[in-house]
Amino acid sequence: MRPETGVKVRCEATLERELRARGFTAIAGVDEVGRGCLFGPVVAGAVILSPDRPVRGLNDSKQLEPERRDVLAERIRERALAWAVAAVDAAMIDRINIYQASRLAMRLAVSRLRPAPDFVLVDAVPLDVPIPQRALIQGDARCHAIAAASIVAKVWRDACVSRWDEVYPEYGLKSHKGYATPEHTQALRDHGATPLHRLSFEPVRQYSRFPVNLSAQMDLFDAAGTFDAVGAA
């Protein structure tokens, strides 16, 4: 179902309707946000939308203005049959890499849904869950359930990083949310990395004020049981 080149992608509920016609009743959309950030956790959302209480205007969270995202996130949380958020922190990202950390966050978000889903629609990346699923390229721009998950996750992560801006005001986190903007890179150059920066990412490693030996550090994390240190909403 890869979209044809040049064809405008529309965010619809077609797949959800087809799956309900096949007998599925709890169809979850799943997506992650913050994968390309230099700071903070990668966050996943999982949402089971109600067919009886639709939310209009759903789209890829990156295509929406912040104020619109906030409004839609509130409506999703009010009207959805279930929603959940899960976060994997920077230390875990450095330990298992961002791809696996993103999959872990999405898997955790799915596991927290009540009722549990009987089908999963996920943006691009298949998950290790014992549930029928379908991974969709550009899923957050094509599928209402995945778009809803991306909106809930994005609003939650932005709020989390904005709170950390109060702790580390010199990095400008509230404006760029941890992404690799020129402002953020300059702050790293001037101040080095915080404990919540991802040391396995450049330019964080480049401007760290202490030597970064990821292999040795990950051995210490393993010994300390860091694999259990997973953040959650």
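Trainee: Which residues do ring pairs link into a cluster?

Mentor: In this predicted model, the cluster joined by ring pairs consists of Phe-39, Trp-164, Tyr-168 and Tyr-171.

Trainee: Why is the pair of Trp-164 and Tyr-168 called stacked?

Mentor: Let's set the values against the cut-offs. Ring centres have to lie within 6.5 Å to pair, and planes under 30 degrees apart count as stacked. The centres of Trp-164 and Tyr-168 are 6.1 Å apart and their planes stand at 20°, so the pair is stacked.

Trainee: And what makes Trp-164 partly exposed, and Tyr-168 buried?

Mentor: Buried means under 20% relative accessible area, exposed means over 50%, and partly exposed is in between. Trp-164 has 32%, so partly exposed is the right term. Tyr-168 has 17%, so Tyr-168 is buried.

Trainee: How many aromatic pairs are there by this rule?

Mentor: The count comes to four. Among them is the pair of Phe-24 and Phe-119, which is edge-to-face.

Trainee: What makes Phe-24 and Phe-119 edge-to-face?

Mentor: The angle decides, because planes over 60 degrees apart count as edge-to-face. Here the planes stand at 65°, with 5.0 Å from centre to centre. Phe-24 sits in the loop between α1 and β1 while Phe-119 belongs to strand β4, so their pair ties together parts 95 residues apart in sequence. Both Phe-24 and Phe-119 are buried.

Trainee: Lys-154 is charged. How do you know whether Lys-154 is buried or exposed?

Mentor: The same kind of check works here. The relative accessible area of Lys-154 is 13%, and buried means under 20%, so Lys-154 is buried. Lys-154 is in helix α6 and touches Val-33, Ser-61, Arg-69 and Tyr-179, leaving aside residues up to four places away in sequence.

Trainee: How do α2 and α6 cross?

Mentor: The axes of helix α2 (residues 66-79) and α6 come within 9 Å and cross at roughly 115°, and the crossing is left-handed. The residues of this contact divide into seven nonpolar, no polar and five charged.

Trainee: Now the sheet. Why do β3 and β5 stand at the edges?

Mentor: The open sheet has five strands in the order β3-β2-β1-β4-β5, with mixed pairing. β3 (82-88) and β5 (133-136) each have a single partner strand, so one side of each is left without a neighbour in the sheet.

Trainee: What makes β4 and β5 a pair?

Mentor: Two strands pair if there are at least two bridges between them. β4 (residues 119-123) and β5 have four bridges, in the parallel sense, so they pass that test. Within this pair, Val-122 stands opposite Ala-135 in β5.

Methods:
Residues numbered from 1 in each chain as written. Predicted model: local features only at pLDDT ≥ 70, side-chain atom pairs only at ≥ 80, totals over all residues. Heavy atoms only, no water. Helix = DSSP H or I, 4+ residues; strand = E, 2+ residues; numbered from the N terminus. Axes fitted to C-alpha atoms, helices over the stretch in contact; angles between N-to-C directions. Left-handed = near helix turned anticlockwise from the far one by under 90°. Buried < 20%, exposed > 50% of the residue type's maximum accessible area, 1.4 Å probe, protein only. Contact = heavy atoms within 4.5 Å. Phe/Tyr/Trp six-rings, centres within 6.5 Å; stacked < 30°, edge-to-face > 60°.
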